[in-house]
Amino acid sequence: MAMRVNTQRRVFQGVGNGALLLMVLWTAIPFYWMVATSLKHDKEIYGYEATLIPERPTLDNYATVFRETPYLLFLRNSLAVAAGSTLLSMIIAVLGAYAIARLNFPGRALLARGLVFTYLVPTSLLFIPMFAMMSVLRLTDSLHGLIIAYLGFDVPFCTWLLMGYFRSVPVELEEAARVDGCNRVSALVRIVLPMSLPALVVVTFFSFTHAWNEFLYAHVFTSTTSARTVTTGLVNFMSQDVFFWGPLMASTVMSALPPVLMFLVFQRWVVKGLTLGGVKG
Amino acid sequence: MATTTTVSLPIPSSRRGLGWRGDRISRLLMRDRTLGYLFLFPAILVIVGLVAYPFASAIVMTFQEKTAGAPGRFIGLDNYRELFSSEQFLRAVVNTVAYTAIGVGLKFVLGLGMALVLNQERFCNNLFRSFLLVPWAIPTVMSALNWRWIFDDASGLINNVLVRLNLIEETISWLSDPHLAMLSVIVVVVWQGTPFFTMSFLAGLQAIPKELYEAAEIDGASVLQQFSYITLPRLRPIFISAVMLSAILTSAGIQFVLILTNGGPSDRTMIFPVLAYHLALGGAQRLGMGAAVSLVFFPILVVFIVFLTRRMLREKGGD
């Protein structure tokens with residue numbers, strides 16, 4: 001005989017709690033190892049005296065990163081590229097999304113489709129011709145080059161996301177404003193944008209973290225230290241071999257922190273914006 | 001969803017007679033068509049310049065022998081011919097399919113499991129939800145570096161623990177053993193990619209009306225029956241989108257393989273984006289060959305891309 005539904009519920013709840021414990025461990029252990037390594041002396045990292053828990057925690061690795069490597073420069077570069085591409089893509093996307101959501105003109109459905117299509121084309125299909133193009137334009141080894149290159153991803157995605165939000169702002173509000181003498185531009189700035197604040201937050205989050213996390217373009221377009229961002233900078237540390245796991249994990253912890261903190265703060269909006277438009281899958 | 005109809009409003013007549021300078025311009029700007037193209041111009045420029053043009057030039061490149069910064073020499077189908085007779089390329093095709101299928105499959109199963117567990121009610125559930133999603137928020141490069149250290153031959157976490165527990169005598173080379181390398185890389189892919197499925201599925205689960213379950217319970221349906229007759233069918237559209245999106249991003253994702261194994265040992269983990277990278281940017285700089293590798297995979301990806309494009313526009317109420 002089938003069990004009573006309530007009994008079944010209780011069984012599944014128990015199984016769920018057990019599974020949750022495993023999932024928390026599976027998620028947490030890699031983080032733990034990253035942070036623990038960053039706090040260890042070399043003696044505790046390698047060889048027979050290696051430990052699982054740092055016995056004498058130290059911040060030496062962090063000091064090494066700042067003293068002996070151009071990490072600060074990488075940070076500055078990442079920040080500049082992320083800020084630049086976020087600002088630009090935001091402006092371009094707000095205008096584009098408003099046009100598609102609210103204005104009537106031939107070809108807008110086609111343009112909307114084109115935007116989404118572009119967003120879904122992965123950069124690994126484009127990096128070779130982009131590299132050739134950037135070389136010709138002399139935009140390799142340059143932060144400007146990276147800012148421009150990132151627009152190719154950020155603009156389509158942000159436009160798509162904002163389009164949906166703008167549509168949900170009641171048209172009547174805008175029409176009322178226009179009767180009162182607002183033109184399209186001021187209706188956009190005064191009515192639509194303030195009402196789409198959550199979407200603007202999500203868009204900022206996505207373009208900022210995308211630029212911060214991006215690796216392929218940054219790696220391919222950059223060959224000198226001066227224009228390296230954090231991601232390609234750290235991978236470069238690894239391939240140089242002199243630089244080992246203590247300082248490398250210290251810089252990994254520091255570089256992972258900003259996007260994680262941003263995610264935790266904006267989580268509620270991000271998850272909503274992501275459910276269909278995920279950036280990494 | 002209905003398309004937004006725009007009522008064009010006449011300019012108030014009091015304004016019309018004043019003849020102020022901006023009047024003509026602002027009247028021109030009032031027209032949807034002008035303003036629409038004006039507003040979309042920068043976005044179109046981005047699409048054309050940073051996606052459409054590079055893509056078209058990639059197609060041209062596949063018929064050329066070309067290095068960066070120099071004009072290419074037309075060689076017809078030679079690149080493709082060489083590619084299809086190269087064992088490395090054929091291995092990359094097989095690897096990419098296996099890597100994507102296993103990776104996405106595992107992410108799907110684990111993601112569904114996590115979503116179901118997180119959908120149960122319990123103490124501090126929101127905290128667990130946030131925490132389990134964090135691997136998604138970590139930059140891929142940072143996860144890859146971290147896992148490379150976890151898998152380290154000599155002092156990595158896994159070998160460290162296994163030796164301590166006396167389970168192994170000699171440390172295992174997770175990333176350079178031909179039989180283990182692919183599996184190890186997939187573990188990392190699954191670790192970072194599962195939260196995306198969890199988030200998508202959880203959102204889907206929460207959108208299912210509670211009444212359906214209540215009604216089923218009254219009819220005497222067991223929990224498993226409720227799952228297979230209510231939950232699964234309701235989640236189907238999300239299943240399809242998530243799997244397709246993940247398949248695109250997993251197969252085309254270059255970072256994990258590049259950082260963990262660089263395609264080795266002896267091409268055991270070589271997938272198409274990494275092969276394209278090696279051909280185009282390793283030593284010989286054969287941009288045409290690299291572009292050809294990517295292009296061969298495009299027809300498969302484009303099926304997913306077109307399908308997702310339609311769906312993403314529908315969900316956002318597009319026309």
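Domain bounds, as used here, come from an automatic or database domain assignment. On that footing, and bearing in mind that this is a predicted model, chain A is assigned a domain 1 covering residues 5–58 and a domain 2 covering residues 61–277. The C-alpha centres of these two domains of chain A lie 32 Å apart, and where the domains meet, 7 residues of domain 1 of chain A are in contact with 7 residues of domain 2 of chain A. On the domain 1 side of this meeting, the elements of chain A that give two or more residues are α1 and α2 (42–45), with α1(A) giving the most, 4 residues. Sorted by class, that side of domain 1 of chain A has 3 nonpolar, 2 polar and 2 charged residues.

Helix α1 of chain A, residues 5–38, is a good place to begin a closer look. Its 34 residues should span 50 Å at 1.5 Å a residue, and because its end C-alpha atoms are 49 Å apart, the expected and computed lengths agree. Even so, α1(A) bends by about 30 degrees at Ala28(A), and a proline, Pro30(A), follows within four residues. That proline, Pro30(A), is also one of the buried residues of α1(A), which include Met23(A), Thr27(A), Trp33(A) and Met34(A) as well.

From this helix the reader can turn to the largest nonpolar core, which has 164 residues, and in which Tyr98(A) and Leu162(A) touch the most other members. The largest share of this core, 16 residues, comes from helix α7 (residues 143–168) of chain A. Leaving aside its neighbours within four places in sequence, Leu162(A) is in contact with Ala93(A), Val94(A) and Ala97(A), and also with Ser196(A), Ala199(A) and Val203(A).

Chain A also touches chain B, in a contact that takes 98 residues from chain A and 91 residues from chain B. On the side of chain A, helix α13 (residues 245–277) gives the most, with 16 residues, and by class the side of chain A that touches chain B has 65 nonpolar, 24 polar and 9 charged residues.

Chain B itself comes to 14 helices and 2 strands, and 42% of its 319 residues count as buried. Among the contacts in chain B with a separation of 6 or more, 67% are accounted for by residues 24 or more positions apart. The domain assignment of chain B gives domain 1 (26–74) and domain 2 (80–315), and 32 Å separate the centres of these two domains of chain B, taken over C-alpha atoms. Their contact takes 10 residues from domain 1 of chain B and 8 residues from domain 2 of chain B. On the domain 1 side, α3 (32–61) and β1 (64–65) of chain B are the elements that give two or more residues, and α3(B) gives the most, with 3 residues. By class, that side of domain 1 of chain B has 4 nonpolar, 4 polar and 2 charged residues.

A bend is found in chain B too, where helix α11 (residues 223–252) bends by about 50 degrees at Arg236(B), with a proline, Pro237(B), following within four residues. The buried residues of α11(B) include Thr231(B), Ile238(B), Ser241(B), Ala242(B) and Met244(B), and among them are also Leu245(B), Ile248(B) and Leu249(B).

Terms used: Residues numbered from 1 in each chain as written. Chains lettered and ligands numbered in written order. Predicted model: local features only at pLDDT ≥ 70, side-chain atom pairs only at ≥ 80, totals over all residues. Contact = placed C-beta atoms within 7 Å. Nonpolar A, V, L, I, M, F, W, Y, C, P; charged D, E, K, R; others polar. Buried ≥ 20, exposed ≤ 12 C-beta atoms within 10 Å, placed from the backbone. Expected span 1.5 Å × (residues − 1). Bend = angle between axes of the 7 residues up to and from the residue. Core = buried A, V, L, I, M, F, W, Y, C linked by C-beta atoms within 7 Å.
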